[in-house]
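Visitor: I should like a close look at one topic, that of salt bridges. Please define each term as it arises.

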Amino acid sequence: MVALIAKLYRLKRVYTPELHDVWLVWVDVILKGMQTWMTTQRPRPSSKLAQAIKYKVDRWKGLTLFRNEPAIWLDNNGTERALRQPIQGRKNHYGSRSEAGMQAAAVMYSLIETCERLDIDARTYLKEAIVRAIARPGNVYTPAMFLADQDS
């Protein structure tokens, strides 16, 4: 099963819209292999393997949505990595002396993560945001606004 999953990841990396039909044929071969593997296994009913197979069978439709919609990732690792940073930052600020300091840190984590997701250099954005905040106190300059200014 691990080898079949690895093949799916390799296929996903080389996907191009021009080769979609060929890609579908290969994905179908791998998915069929996964189904065959799951149906031929005879694990003890209470084993971890039996639980994993049941999980996969019960969620097969959702787990294979990527087949017809190439924009869907095979996993959610990117999302989990993105969520890990603010949580780690929060743990780092347990010793902060004020609630205002923790809130400021939370805002900074959010801004930096947003910059990363929008492929913006966070330092450049923050410099511009600070200059604008000094010039016009009370106004907010978001990373999306920065991106729009860069595009125009």
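Guide: A salt bridge is counted when a side-chain nitrogen of Lys or Arg is within 4 Å of a carboxyl oxygen of Asp or Glu. The model shown is predicted, so local features need pLDDT of at least 70 and side-chain atom pairs count only at pLDDT 80 or more, whereas totals for chains, interfaces and linings use all residues. Residues are numbered from 1 along each chain as its sequence is written, and side-chain values use heavy atoms, with hydrogens and water left out.

By the rule for salt bridges, the count comes to 5. One of them joins E113 and R117, whose closest N and O atoms are 3.4 Å apart. Both residues belong to helix α6 (residues 99-117), where a spacing of 4 residues separates E113 and R117 by about one helical turn. Helices here are DSSP runs of H or I with at least four residues, numbered from the N terminus.

The two partners differ in how far they are covered. A residue is called buried under 20% relative accessible area, exposed over 50%, and partly exposed in between, with a 1.4 Å probe and protein chains only. E113 is buried, at 15% relative accessibility, while R117 is exposed, at 55%.

A second salt bridge links the side chains of D58 and K54, with 2.6 Å from N to O. Here too the partners are 4 residues apart, this time in helix α3 (residues 48-58), and about one helical turn lies between D58 and K54. D58 is partly exposed, with a relative accessibility of 47%, and K54 is exposed, with a relative accessible area of 51%.

Helix α7 (residues 122-135) offers a further example. R132 and E128 lie in this helix, 4 residues apart, which is about one turn. Their side chains meet in a salt bridge of 2.8 Å, N to O. R132 is partly exposed, its relative accessible area being 35%, and E128 is likewise partly exposed, at 28%. This pair does not stand alone: E128, R132 and D149 are linked in a network of salt bridges.

To review the spacing within the helices, E113 and R117 are 4 residues apart in helix α6, D58 and K54 are 4 residues apart in helix α3, and R132 and E128 are 4 residues apart in helix α7.

How values were computed:
Helix = DSSP H or I, 4+ residues; strand = E, 2+ residues; numbered from the N terminus.
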